[in-house]
Amino acid sequence: MGENGNVWKKWDLHMHTPGTMHNDNYKGDWDSFLERVNSSGLSVIGATDYYSIEGYDKIKEYREQGKLDNIELVLPNVELRLDQKALGNRYVNFHVIFDPIVDEFINEYFLGRLQYSQNGSNFSAKKRDLIDLGRLLDPNVGSDEQALETGGNNFKANIHQIYTLLDDNRFKGHFFTVVAGGDDDGINALLKQAPDQGSGSRTEILRLSDAVFSTNQRMISLMAEQGSEDENKYLIEKCGGKKPVFEESDAHDISGIGQRWSWVKSEPSFDGLIQTKFEPIRRVKISEGSLNNPLKVEPAHWIKSISFSSNEFPSQVQLNPGLNAIIGGKSSGKSILLYELALQAGTQNLAQLTRLSEWKNPFGSDLDDIDASVKLANGEDAGQQNPLNVLYLPQLFINQLSEHFDNPYLQRLIRSNVARKNKANLELEKFDEASGTAYQELKKETDRYLELQRKNASLDDEITRIGKTEDLESTILRLDKEYTDLFGQLNMGEEEIQTLTSTQQLTDEFTDTNKSLQTKINRTSSDIERASQFKSMIEEDVNSLEFSEGVRTKIIPLVHQVQDQVSALITEMETDKKTTEQTIAENTKKISDLEKSVKSLKDKRNRAAELDANRNKRKETSNQKAKLEQFKAKRENNTSLMTTVENNIKAVIRTFISVGQHAEERLSSTEIGSDLKIHAQFGFDSDKYTDNILGKIDGRKLGRAASIGLPELVNFDGDTFDTLWANVIISTLRGDLESVLNKSNNTDDMIDAELHLPLQMPLDIEKDNDLLRKMSPGKRAIVVLELLLTDQDTDQSPILIDQPEDNLDNRSISKELVDLLRRVSSQRQVIMVTHNANLVVLSDADEVIVANQDVTLNENRFTRFEYYSGSLENSFGVTEDSGKFASRGIRDNITDILEGGVEAFKEREKKYLLK
């Protein structure tokens, strides 16, 4: 059996061999036949002949000699003609393909007992009887070969007799029947007939046949239950349901070998062929529509094997590109293998899970040191240098994820599925864009509001400094009255003004003269002092000089003469100084007399200055009043602008609500799967409100916060929320909440939190008119799993899932989960750990890996952990003397290990004959 289970291989179940009864164009060239078959790329062939297995026996001999080593399986195919007429003189061709283990019984118990009557004589399908039949029909026939061909052409088998013979215990479970689907000699000819011209025979032949040979697309569609409703009903009720359709070469010469075949995904065994009856769509593809391997997963996207260097694990475990099921008893190493696959493919696969609060690694770091490596189907090693993204879903992860439908991870998952729907995704993008735009617009408006509020605060300071308008107006009235009164008291005549003016002129003249005279006195005083100093210096200098007596006698008189002249000059200057001082005194007396003469007039003039001061004060007060009015006008304008901002804030919120309500309407009922619909619910995000808004309030002051506009509970109403939330924002902008904030936050923090509107549109999923948040845990888990497995249609990365059946009822498993796994595994590699037989059997697992842990090696052969793998159809019972778990077939392990294993096989419409 193959260690990696069922893989696509080329099968040709209808290939004639050299020596075939009719149209033998091989000319006995067995060597060329064998060479062509061995190089054809085929894995399984049906050695075909009319009423004979001689060609099959010949091939067996050659295989025993080591020839046809590329062919994994040769099946004996006996071709018959039924007694049911097709078109013209043609009859329906029918094939019985036998399990090689019963080939020794075919000649005696099938061909030897098959009967045909001619002219009152009975003939079997054995070679001798066919020759005799030929000679009876044509007495002139020559050789035995010609007689054999004539007899074979005319021998007609009855389908009920065929099945009576096959009901022999020797053949039960060891045959596979195929009806030809051609237009002239096959069932398609009958399908073209009117119901009353052969429908009964057609129905019976189809009902009894296991498969059809055909490349006709209509035939393929009909047999896959893809016809009309009536045709599908007819196929199910009358013809036994779906049937595989095989393409075959029907080769009668060398050139026909390898030209046509079927792709079959099965173990190359007769049991593998049996499985195609029950999985005709998943297991069989005709080459006409798929010359290349039907495997859809690229080699770089699936894990071929995992290898271990540890002596506690096997050296290698092979994997299949389709659905892999890991089974085993408790603590057998199933989850360990799955975990190591995820870990060794790339640590990012676990890192993205550990970032989620929903999952905690149950293994910790205990398994991180196991020396293992993962190899991809393209031959490259996956790991840190070449990481392979896998979707790793540990045990209970799905249940934890699906507990709350508004879980952020689940919401991202739903959105990811929505992203595959262009129109729905566009609505989500509009909603997300509107959310960002709303924040930016609100930020702009609140910044503007704060700036206006700051300007008003500055204006308030100026207004306070200037005072009240009524006080300024009262001051102006008082100044006006004082001015009127003072002006009446100080009214001077023209003559008085002239006298005051002329007197002032004289006073100014005397004052100016005195200033000049005083300057002269100051200069004279300085000259007197310097002259006195000069007079003394002359005598001192002469005395200090050492003249001769004769010269001194002459100089002394001269010095005295100079001194006398200087003394006379000093006397003259002192006299002039006294005269000038007398003049100043006289002028000062005149000024005093003049001042006295005009004192009363001058008093009047000085009081007149009070009028100017009054007028200046009044002007200053009027200016202050004008400024006050200007400041008040600015403040009033700012306040009006603030009202506009408040309305703008409300409008921004209203617009976002409208976008959300529109998106809710457009998104709801959007289909994202065959039976899944989006159910959008736009509304208040209480968690966001509690965490981001109320979380900034001092817990002891929540009541006070509620009294000033921030309630603990908010009932969302799309018609009034814009006003409610705009008031919350404005209250915060005004500083109303500053006193109730906790120590870790300030008003700016609160404003920013409020601008991220506490509105959300969580996406719910509707299935069968039931919403995800209202579903039972099991149904909810199924939906979440479907979202996970169908997320990103183009993603081919492997899916690793541990016990997806947890918390699911049997119906959900056998119906919904099975269908989901079958669908997904046709596009991506799926590796699952399971304890449920239905998941393994009904999902038609491509490979089953049986895990076992045995420290003492009583059951295991070599290592503590062993993994034994193969296909579902593998079964060879238990050898009594072995005692090793690997000695039993895969099917036997399923029925032994998994509860309900036998029932699961029976449920599969008795697809297996349990041994």
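Reader: At what angle do helix α1 (residues 30-38) and helix α2 (residues 54-64) pack?

Author: Here's the general idea to start with. Two packed helices are described by the angle between their axes and the distance between the axes. Keep in mind that this is a predicted model. In it, α1 and α2 pack at an angle of about 75 degrees, and their axes are 12 Å apart. The two helices are therefore roughly perpendicular to each other. On the α1 side, the contact is made by Trp30, Phe33 and Leu34, while α2 brings Gly55, Lys58, Ile59 and Tyr62.

Reader: Let me try another pair. How far apart are the axes of helix α4 (residues 127-137) and helix α5 (residues 144-154)?

Author: Those axes lie 7 Å apart, and the packing angle is about 85 degrees. That makes α4 roughly perpendicular to α5. Plenty of residues take part: from α4 they include Leu130, Ile131, Leu133 and Gly134, and they meet a group in α5 that includes Ala147, Leu148, Gly151 and Gly152.

Reader: And at what angle do helix α24 (residues 721-733) and helix α25 (residues 747-755) cross?

Author: Roughly 165 degrees, with the axes coming within 9 Å. Angles over 145 count as roughly antiparallel, so α24 and α25 are roughly antiparallel to each other. The crossing of α24 past α25 is left-handed. To find it on screen, look for Trp725, Val728, Ile729, Thr732 and Leu733 in α24, which meet Thr747, Met750, Ile751, Glu754 and Leu755 in α25.

Reader: OK, on to the inside of the protein. Which residues of the largest nonpolar core touch the most other members?

Author: General idea again: in soluble globular proteins, nonpolar side chains tend to be buried together. Here the largest nonpolar core has 100 residues, and the ones touching the most other members are Ile653, Leu667, Leu710 and Ile894. Take Leu667 and skip residues up to four places away in sequence: Leu667 touches Val418, Ala424, Glu427, Leu428, Ile678, Ala680, Met761 and Leu763. There is also a second, separate core of 68 residues, and its members include Tyr51, Leu165, Phe171 and Cys239.

Reader: Now charges. How many salt bridges does a search of the whole structure find?

Author: It finds 45. When you read one, check which atoms meet and where the two partners sit. Try Arg635 and Asp460, whose side chains meet in a salt bridge at 2.5 Å, N to O. Arg635 belongs to helix α21 (residues 599-667) and Asp460 to helix α17 (residues 422-466), so the pair ties together parts that are 175 residues apart in sequence. Arg635 counts as partly exposed at 30% relative accessibility, and Asp460 counts as partly exposed at 28%.

Reader: In which helix do Arg478 and Glu482 both lie?

Author: Both lie in helix α18 (residues 469-489), four residues apart, which is about one turn of the helix. Their side chains meet in a salt bridge at 3.1 Å, N to O. Arg478, at 42% relative accessibility, counts as partly exposed, and Glu482, at 39%, counts as partly exposed too. You can practise on Lys815 and Asp819, which sit four residues apart in helix α27 (residues 810-825). That salt bridge is 3.3 Å, N to O.

Reader: Which residues are linked in a network of salt bridges?

Author: Look for Lys265, Arg282, Arg283, Asp844, Asp846 and Glu873.

Reader: Last topic: single residues. Is Asp802 buried or exposed?

Author: A residue counts as buried under 20% relative accessible area. Asp802 has 5% relative accessibility, so Asp802 counts as buried. You'll find Asp802 in strand β23 (residues 799-802). Leaving aside its neighbours within four places in sequence, Asp802 is in contact with Ser335, Leu338, Leu393, Pro394, Gln395 and Val833. Compare sequence and space as well: Asp802 and Tyr339 are 463 residues apart in sequence, yet 9.0 Å apart in space, C-alpha to C-alpha.

Reader: What distance separates the C-alpha atoms of Ser592 and Val37?

Author: They are separated by 153 Å, and the two residues are 555 residues apart along the chain. Ser592 is in helix α20 (residues 549-597), and at 31% relative accessibility Ser592 counts as partly exposed.

How values were computed: Residues are numbered from 1 along each chain as its sequence is written. This is a predicted model: local features need pLDDT of at least 70, side-chain atom pairs count only at pLDDT 80 or more; totals for chains, interfaces and linings use all residues. Side-chain values use heavy atoms; hydrogens and water are left out. A nonpolar core is a set of buried Ala, Val, Leu, Ile, Met, Phe, Trp, Tyr and Cys residues joined through side-chain atoms within 4.5 Å. Buried means under 20% relative accessible area, exposed over 50%, partly exposed in between (1.4 Å probe, protein chains only). Contact means heavy atoms within 4.5 Å. A salt bridge is a side-chain nitrogen of Lys or Arg within 4 Å of a carboxyl oxygen of Asp or Glu. Axes are lines fitted to C-alpha atoms, for helices over the stretch in contact, and angles run from 0 to 180 degrees between N-to-C directions. Angles under 35 degrees count as roughly parallel, over 145 as roughly antiparallel, 65 to 115 as roughly perpendicular and the rest as oblique. A crossing is left-handed if the near helix is turned anticlockwise from the far one by less than a right angle, and right-handed if clockwise.
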